[in-house]
Amino acid sequence: MAAKPKSELQRDPERTRAELLDIATEVFAESGYSGARVDEIAERTRTTKRMIYYYFGGKEGLYLAVLDRAYRGIRQAEQKLRVDHADPIEAIRRLAEVTFDHHIDNDDFIRLVSIENIHRGDFIRRLTDLPQLSAPATSLLDEILADGRAAGLFRTDVSALDVHLVISSYCVFQVANRYTFGYLFDVDLTETSHRAHLRRMIGDVVVGWLTTTA
């Protein structure tokens, strides 16, 4: 790691790092990995390229840190969720709605996911602890599904990964296709009344699916 620039010695390291990640997230989401420029990130954070290299080792290291934080954000939101397993139907609905809210409120996350898929997952594969970090997402679903099946409420031929895929697909679509879908069908998916309707709809879809006899 490069020596810390003397002009930056008085800055709060944690705050500086967080600010760099905030702006870098915006820039990478706007311009993609190839189009993002370290000079622009430095300018928008009122710091220097040397500072970015000090904290992250360069553009690639910064992008990996942005990706890592983005994925940790959704996992942390899921782990903070407290649901009443005595009511599995309400629990699964709540989980779907929390995922919807997170994706709508963090559209940069969806853009980063889209960019990473354009790169065929080349960078995310270097974040070797992310698969383990994602495990609680399906573990919580496993618990809710088990409770629902024990109560005779949920079908038995659907896995936690199946449910996670359906919820994620729906929630990602709201952001990833907002402009094209909105133009083709003359609808603003972000308008308040639409958002409330779409939020309820994913809960209805998942609950209806799980409570339908196979």
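**Legends to close-up views of an all-helix predicted model**

**Figure 1. Overall fold of the protein.** Residues 24 or more positions apart make up 73% of the contacts (heavy atoms within 4.5 Å) that have a separation of 6 or more. This is a predicted model, in which local features need pLDDT of at least 70 and side-chain atom pairs count only at pLDDT 80 or more, while totals for chains, interfaces and linings use all residues. Residues are numbered from 1 along each chain as its sequence is written, and side-chain values use heavy atoms, with hydrogens and water left out. The protein has 10 helices and 0 strands (DSSP runs numbered from the N terminus; helices are H or I of at least four residues, strands E of at least two). Of its 214 residues, 42% count as buried (under 20% relative accessible area, against over 50% for exposed and in between for partly exposed; 1.4 Å probe, protein chains only). The C-alpha trace spans about 65 × 40 × 30 Å along its principal axes.

**Figure 2. The largest nonpolar core, around Phe28**. This core has 58 residues (buried Ala, Val, Leu, Ile, Met, Phe, Trp, Tyr and Cys residues joined through side-chain atoms within 4.5 Å). Phe28, Ile41, Ile92 and Val163 have the most contacts inside the core. Helix α4 (residues 59-80) contributes the most to it, with 9 residues. Beyond its neighbours within four places in sequence, Phe28 touches residues including Tyr33, Ile41, Leu62, Val66 and Ile115.

**Figure 3. Helix α5 (residues 88-105)**. The 18 residues of α5 reach 26 Å from first C-alpha to last, close to the expected 26 Å (1.5 Å times one less than the number of residues). Because 13 of these 18 residues are buried, α5 is largely enclosed by the rest of the structure.

**Figure 4. Surface patch and loop at the end of helix α9**. Tyr183, Leu184 and Phe185 form a nonpolar surface patch with about 440 Å² of accessible area together (Shrake-Rupley method, 1.4 Å probe, with only the protein chains shown as cover). Phe185 belongs to α9 (residues 178-185) and is exposed, at 54% relative accessibility. Asp186 lies in the loop between α9 and α10 (192-210) and is exposed at 73%. Its phi is positive, about 50°, although Asp186 is not a glycine.

**Figure 5. Arg46 in the loop between α2 (38-44) and α3 (49-56)**. Phi of Arg46 is near 55°, a positive value in a residue other than glycine. Most residues other than glycine have a negative phi. Arg46 is exposed, with a relative accessible area of 73%.

Conventions:
Patch = residues over 30% accessible without salt bridge, like charges linked within 9 Å, V, L, I, M, F, W, Y side chains within 5 Å. Salt bridge = Lys/Arg side-chain N within 4 Å of Asp/Glu carboxyl O.
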